[in-house]
Amino acid sequence: MTEVKEEEETVLVDEKTSKGDEVRAVADPRNGKAASSNGIEEDHALTIPEVLSILPLRDMVVFPVLVSPIAVSRESSIQLVDEAVGAGNRIIGVVGMPDPMVESPTAKDISPIGTAVVIRMMAKAPDGVKMIVQGLVRVEILEVIQEQPFFKARVKVLEDVVPEGAEAAVEIEALRRQIASVFQRIVQLSQNLPDELTSLSTAIESPGHMTDLIAAHLAIATSEKQKIIEKVDLRERMQDLLSILTREVQVLELGSKLQNQVSTEINKTQRDYYLREQLKAIQKELGDGDERTAEIDELTQKVQDAGMTEEALKEATRELDRLRRMSAGSPEYSVARSYVDWLIALPWKTATPDNLDIREVKQVLDTDHSGLDKVKDRILEYLSVRKFKSEGELRQPILCLVGPPGVGKTSLGRSIARAMGKKFVRLSLGGIRDEAEIRGHRRTYIGALPGQIVQGLKRAGTNNPLFMLDEIDKVTSDFRGDPSSALLEVLDPEQNNTFRDNYLDVTFDLSRVLFITTANMLDTIQPALRDRMEIIEISGYTEEEKTEIAKRHLIPKQLSEHGLTADKVTWTEDGICALIRGYTREAGVRNLERELASVCRKATREFAEGREEPVEVDVEQVHKYLGAPRFEYEEVRERGAIAGVATGLVWTPVGGDVVFIEASRMQGGKSLQLTGQLGDVMRESAQAALSYLRAHAHELHIPEDFYQKSDLHIHVPAGAIPKDGPSAGVTMATAIASLVTGRPIKPLLAMTGEITLSGKVLPVGGIKEKVLAARRAGIRTVILPARNKKDLEEDIPEELRRDMTFIYASDITDVLDNALTPGRNGSKSPKSRSSKGRKNGDLLSPAVSGHAKG
């Protein structure tokens, strides 16, 4: 039943009437004639009055000849019907409304052309009046003469305009046949039109009536039907209808095609379902497959819930199909099952929210670690960008923390993860020499597994953890491949969003993982891999930083591990400093922690033996527990008093250190001997130093024939340790000058710098490590290249420079002037050109701080 509104009345299109209705006439749709029990033979026998009562209809058009049921409920409409039936002719006019939303239409709200209809049947009902009307002819409203209580208008009957002539008749007949053919096709394709309508086009002879009846049965918009009713010219009406029919048949054909495709898919799905059910029934009868089927169904559900990428979902579905067809006892079954389990276990969509509270993150980092400001600043900068860039992709930084052992690189990574709210995964790369450890093994091998990257993500359970690759400088390679090359893709932000593990053979997005690597030196890292990382150098701790770390972290940890409390064992500031200075000499704090543990063990033993009073660990108690200090400053003082011995500063992978360069002279024939397992660069520095001194002997007040009848021997102690680098050039030159002039070097003075043949002092690297090593050794005066001044000012805090003096030298004469003690007659080497115009040479005290790479 189709429901259409008439003003606020309901139009019911139905073929049934209520019980007790009085049938007065019935229309025969085959020829547009009326077959009536009252003897009315033709509609045209009814006279259309000049003035008709007008009934506006919503969403409905009544065509001539068409029989339509209408139900009215409003008082004005019922009054209109009663008056029409009481007048005897039962003829009214029905017109459409262009805007069906108008509640109370006026004359301008109704269409000017409608249909004169005759009321064939009327029945009273509790909710109004039901009637069946039949369209007669088109009418045009000439003038509305009444609006209340209902519309009345003066109308004119519109006859069809049929073109004359034989050619026009042929065109009308062609249009009629084409309309009939297309309408038959629509009836075949449409599920809403009965098949009996296929004979409608051939049973009706009148082209006008056929056009109206076909338009009435089409499921098209009311506005399009209104255009058809307003067309008086028969040829134009038929052309418009043919255009609408052609469009509808195209829509129905496309819908039928889509329906066939859907039906085919449904049939295939149903067929697979029936076959699968039959297979289950057969397996149930055989007593096999019940548990396995449930297991595979469970895996299928997990695959759907895992949030995999399209590629991974396709592979997982393919493996599940193999499992369904495979026997549980097959060797391939466990391989396929393991593969699916790995795909399900990966965190495809699982991620943890990052903590973007900058102050809170900074507080956590400062609480866990003292110093290390460069790394902390870089993390805070990254989080600041994350906080302001909420849309689009953000490249994760690939950080490489380079520094000596024991400075807290690994623990810093764990602290960063805790501060940012990320899961922490650590992979030690030391000694890894198989490329499959990174990328995994292919499934063709027995016992194949994914690589450590994928395994780490599975352990983390999120796709955005902090992944620490520890000891990346200790990766080696052999015939099984080069793990460093495999890491090129992992640590490249442009490539790691499509990382493909050999075992999984599907891409996984690593772009959300925050990778942090650690290393002790950069030399052994592959250049291409080093280029992909942001290098952050972590120098050794100062004595003040070590003291703070001991008080805040190491001492509470050792007290807890030994069952002690802060009430039983207390440490004084002097006791901690004495332990750091006399028993440790390192860049990190590992040995410091061992010595603290040793003190705690001895204190625990005393308590176990009956001691009751608390232990205060001061300098005296440290000496009692640990014995005599292992490192003292006497060696620096003693060696500095001998002519020909200079103190140099060197950089090592575990921090800076102090070395002594000794020069000796003997009778011989102009030869230079170098010992102490020196490298080629260091040997060349010694040759350059000697050549400069020989060339400028007169200016330096050195006997010009000191090398004519002498042999020189330069030795660097600790001969078992290989040594190399250019930074000992000025130290060697000073040692030779001290030897040949007999002037010892000033006490507690050390130096570093590269020398050229022209006497220039060039900058070197590792300034911070060297200065800290000098400070640990008790040296208070350091000679540095002038161009390293900016490096010193960067990294050495102001408080560490207050009790040290730094001399910046640009020429070797600056070094000799400030390093050698005055001669017996008070003579000094002449000032170099670089010293002119400067007061006190380039001596600055207190000096300023810095750091250099090299």
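## A walk through a predicted fold

Helix α4 is mostly covered, with eight of its 11 residues buried (buried is under 20% relative accessible area, exposed is over 50%, and partly exposed is in between, using a 1.4 Å probe and protein chains only). The buried residues of α4 are Gly 208, Met 210, Thr 211, Asp 212, Leu 213, Ile 214, Ala 215 and Ala 216. Helices here are DSSP runs of H or I with at least four residues, strands are runs of E with at least two, and both are numbered from the N terminus.

A quick word on the ground rules: this is a predicted model, where local features need pLDDT of at least 70 and side-chain atom pairs count only at pLDDT 80 or more, while totals for chains, interfaces and linings use all residues. Residues are numbered from 1 along each chain as its sequence is written, and side-chain values use heavy atoms, with hydrogens and water left out.

Now zoom out for a moment. The protein chain has 27 helices and 30 strands. Of its 854 residues, 49% count as buried. Take the contacts (heavy atoms within 4.5 Å) between residues at least 6 apart in sequence: 74% of them join residues at least 24 apart.

Back to α4 and its partner, α2. The axes of α2 (residues 166-189) and α4 (residues 207-217) come within 11 Å and cross at roughly 30°. That angle makes α2 and α4 roughly parallel. (Axes are lines fitted to C-alpha atoms, for helices over the stretch in contact, and angles run from 0 to 180 degrees between N-to-C directions; under 35 degrees is roughly parallel, over 145 roughly antiparallel, 65 to 115 roughly perpendicular, and the rest oblique.) The crossing of α2 with α4 is left-handed. From α2 come Ile 172, Arg 176, Ile 179 and Phe 183, and they meet Pro 207, Met 210 and Ile 214 of α4. Sorted by class, this contact has six nonpolar residues, no polar ones and one charged one. (Ala, Val, Leu, Ile, Met, Phe, Trp, Tyr, Cys and Pro count as nonpolar, Asp, Glu, Lys and Arg as charged, and the others, Gly among them, as polar.) Met 210 and Ile 214 also turn up among the buried residues of α4.

Next up are α10 and α11. The axes of α10 (residues 358-368) and α11 (residues 373-388) come within 10 Å and cross at roughly 160°, and α10 and α11 are therefore roughly antiparallel. The crossing of α10 and α11 is right-handed (left-handed means the near helix is turned anticlockwise from the far one by less than a right angle, right-handed means clockwise). Ile 358, Val 361, Lys 362, Leu 365 and Asp 366 of α10 touch Lys 376, Leu 380, Leu 383 and Ser 384 of α11. This set splits into five nonpolar, one polar and three charged residues. An α-helix has 3.6 residues a turn, so residues three or four places apart point the same way.

What about aromatic rings? Rings of Phe, Tyr and Trp (its six-membered ring) pair if their centres lie within 6.5 Å; planes under 30 degrees apart are stacked, over 60 edge-to-face, and the rest tilted. By this rule there are three aromatic pairs. In one pair, Trp 348 and Phe 508 have ring centres 5.0 Å apart and planes at 55°, so the pair is tilted. Trp 348 sits in the loop between α9 (331-345) and α10, Phe 508 is in strand β16 (residues 507-508), and the two are 160 residues apart, which links distant parts of the chain. Trp 348 and Phe 508 are both buried.

Here are five more residues to look up.

| Residue | Where | Relative accessibility |
|---|---|---|
| Glu 471 | loop between β14 (466-470) and α15 (483-490) | 22%, partly exposed |
| Leu 748 | loop between α23 (729-741) and β25 (749-751) | 15%, buried |
| Thr 547 | helix α17 (residues 543-561) | 3%, buried |
| Thr 565 | loop between α17 and β19 (569-571) | 39%, partly exposed |
| Met 60 | loop between β6 (51-57) and β7 (67-72) | 9%, buried |

Glu 471 has a positive phi near 55° without being a glycine. Leu 748, also not a glycine, has a positive phi near 50°. Leaving out residues up to four places away in sequence, Thr 547 touches Glu 573, Ile 576, Cys 577 and Ile 580. Thr 565 and Pro 614 are 49 residues apart along the chain, with their C-alpha atoms separated by 9.9 Å. For Met 60 and Gly 96, 36 residues apart along the chain, the C-alpha separation is 6.6 Å.
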